[in-house]
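Student: I have not looked at this entry before, and I would like to go through it slowly with you. Could we take it one question at a time?

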Amino acid sequence: MSVRNPVIAGNWKMHMTCSEAKAYMSSFLPLIANTPSDRHIVIAPPFTAISTLAQSIEGTEVELSSQNVHWEDQGAFTAETSPKMLLEHSVKYAIVGHSEPRKYFSESDEQINRRARSAQSNGLIPIVCVGETNEQRERGEAERVIRRQVEQGLEGLDPDKIIVAYEPIWAIGTGKTCESAEANRICALIRNWVGSENLIIQYGGSVKAQNIDELMSMSDIDGVLVGGASLEANSFARIVNFEKS
Ligand code: PGA
């Protein structure tokens with residue numbers, strides 16, 4: 001049987017200046033001194049704070065993710081960042097296909113796939129986000145939508161070097177967490193569609209200190225992608241230090 005170690009990632013979105021990031025790390029690091037070593041602790045800061053954080057996490061267990069990545073190494077792509085630029089700062093993961101760029105910048109599954117492929121071929125682990133809107137769920141289309149996002153987003157990728165984050169859009173930033181049994185059911189479907197027992201699947205959407213233990217007790221949820229609750233060191237540390245049932 002394969003071992004899927006937990007991956008707990010904080011997505012800071014467009015929050016934290018460099019000085020705020022430094023102050024956060026000085027509160028956060030002592031709180032994870034006794035975290036079990038099989039857990040991956042990942043922070044995805046805005047691009048401007050990556051270099052600062054790369055220095056603060058040196059010699060610690062914390063790993064870095066970017067919030068996006070481009071498919072080319074360099075070129076005329078204003079506002080984009082290449083894998084090569086991230087690797088220079090010891091970044092290990094790259095979030096792609098988050099529902100916010102999908103919604104605000106009309107990111108397509110094809111673009112997301114190109115980003116993920118480029119990340120993977122450069123040695124970054126793509127965190128590919130998928131998830132349905134409230135309307136799609138109410139119309140009974142959730143599974144079809146997620147399956148399309150998974151199949152197109154992961155095309156040509158090695159499932160053993162990737163993370164899929166199931167983030168129902170109606171649960172993001174709303175305080176409405178998807179019921180853990182339902183989140184687990186969708187994560188199991190994703191594992192089945194991808195066809196890999198080793199695939200690491202995260203749940204995301206209003207994860208907080210109060211629901212982390214239950215979510216992490218589910219058979220097909222291997223980690224979480226946390227937005228709002230990762231912005232405060234104490235609350236993210238409690239999430240990272242979830243209790244096993
Ligand atoms: P949230 O965000 O935890 O604030 O709901 C999750 C995400 O967008 O990844």
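Student: In which strand is the place of A44?

Tutor: Please keep in mind from the start that this is a predicted model. Looking along the chain, you will find that A44 belongs to a strand covering residues 40-44. In the numbering used here, that element is strand 2.

Student: Is A44 buried or exposed?

Tutor: The relative accessible area of A44 is 2%. Buried means under 20% relative accessible area, and because 2% falls under that cut-off, A44 counts as buried.

Student: Which residues does A44 touch, once residues up to four places away in sequence are not counted?

Tutor: A44, which sits in strand 2, has several such partners, among them S65, S66, Q67 and I95. The others to look for beside A44 are G10, N11, W12 and K13.

Student: How far apart in space are A44 and R102?

Tutor: Along the sequence, A44 and R102 are 58 residues apart. Going from C-alpha to C-alpha, their separation in space is 18 Å.

Student: Turning to the ligand, which of the residues around it come nearest?

Tutor: The ligand has 13 residues around it, and by class this shell holds four nonpolar, seven polar and two charged residues. Of those 13 residues, the ones that come nearest are K13, H98, E167, G173 and S206.

Student: How much of the ligand's area does the protein bury?

Tutor: Let us begin with the atoms that meet: a side-chain N or O atom of K13 is 2.7 Å from an oxygen atom of the ligand, and a polar backbone atom of G173 is 2.6 Å from a ligand oxygen. For S206, a backbone N or O atom lies 2.8 Å from an oxygen atom of the ligand. Taken alone, the ligand exposes 290 Å², and of that area the protein buries 95%.

Student: Where is the place of S230, and which backbone oxygen lies 3.3 Å from a polar atom of its side chain?

Tutor: S230 is located in the loop that runs between strand 8 (223-226) and helix 10 (233-240). With a relative accessible area of 0%, S230 is buried, and, leaving aside neighbours within four places in sequence, it is in contact with G10, N11, W12, Y24 and F236. The backbone oxygen that lies 3.3 Å from a polar atom of the S230 side chain is that of V226.

Student: What separation do the C-alpha atoms of T81 and V69 have?

Tutor: T81 lies in the loop between strand 3 (62-66) and helix 3 (83-87), and at 16% relative accessibility it counts as buried. Leaving aside neighbours within four places in sequence, its contacts are F47, V69, H70 and L86. Although T81 and V69 are twelve residues apart along the chain, their C-alpha atoms are separated by 5.5 Å.

Student: Which residues does S118 touch, not counting those up to four places away in sequence?

Tutor: You can find S118 in helix 5, which covers residues 109-121. S118 counts as buried, at 7% relative accessibility. With residues up to four places away in sequence set aside, S118 touches H70, W71 and P83.

Student: What is the value of phi near which A79 is found, and what is it for S90?

Tutor: A79 is in the loop between strand 3 and helix 3 and counts as exposed at 75% relative accessibility, while S90 is in the loop between helix 3 and strand 4 (91-96) and is exposed with a relative accessible area of 51%. Each has a positive phi in a residue other than glycine, as the angles of A79 and S90 show. For A79 phi is near 80°, and for S90 it is near 60°.

Student: Finally, for the chain as a whole, what is the radius of gyration?

Tutor: The chain contains ten helices and eight strands, and buried residues make up 52% of its 245 residues. Among contacts between residues at least 6 apart in sequence, 72% join residues at least 24 apart. A compact globule with 245 residues would have a radius of gyration near 18 Å, and the value for the chain, which agrees with this, is 17 Å.

Key
Residues are numbered from 1 along each chain as its sequence is written. This is a predicted model: local features need pLDDT of at least 70, side-chain atom pairs count only at pLDDT 80 or more; totals for chains, interfaces and linings use all residues. Side-chain values use heavy atoms; hydrogens and water are left out. A residue is near a molecule or strand if one of its heavy atoms lies within 4 Å of it. A polar contact is a pair of N or O atoms within 3.5 Å; within protein, one must be able to donate a hydrogen and the other to accept it, and residues adjacent in sequence count only if both atoms are side-chain atoms. Accessible areas come from the Shrake-Rupley method with a 1.4 Å probe; for residues, only the protein chains shown count as cover. Ala, Val, Leu, Ile, Met, Phe, Trp, Tyr, Cys and Pro count as nonpolar, Asp, Glu, Lys and Arg as charged, and the others, Gly among them, as polar. Helices (H or I, at least four residues) and strands (E, at least two) are DSSP runs, numbered from the N terminus. The radius of gyration is taken over C-alpha atoms; the globule rule is 2.2 Å times the number of residues to the power 0.38. Buried means under 20% relative accessible area, exposed over 50%, partly exposed in between (1.4 Å probe, protein chains only). Contact means heavy atoms within 4.5 Å.
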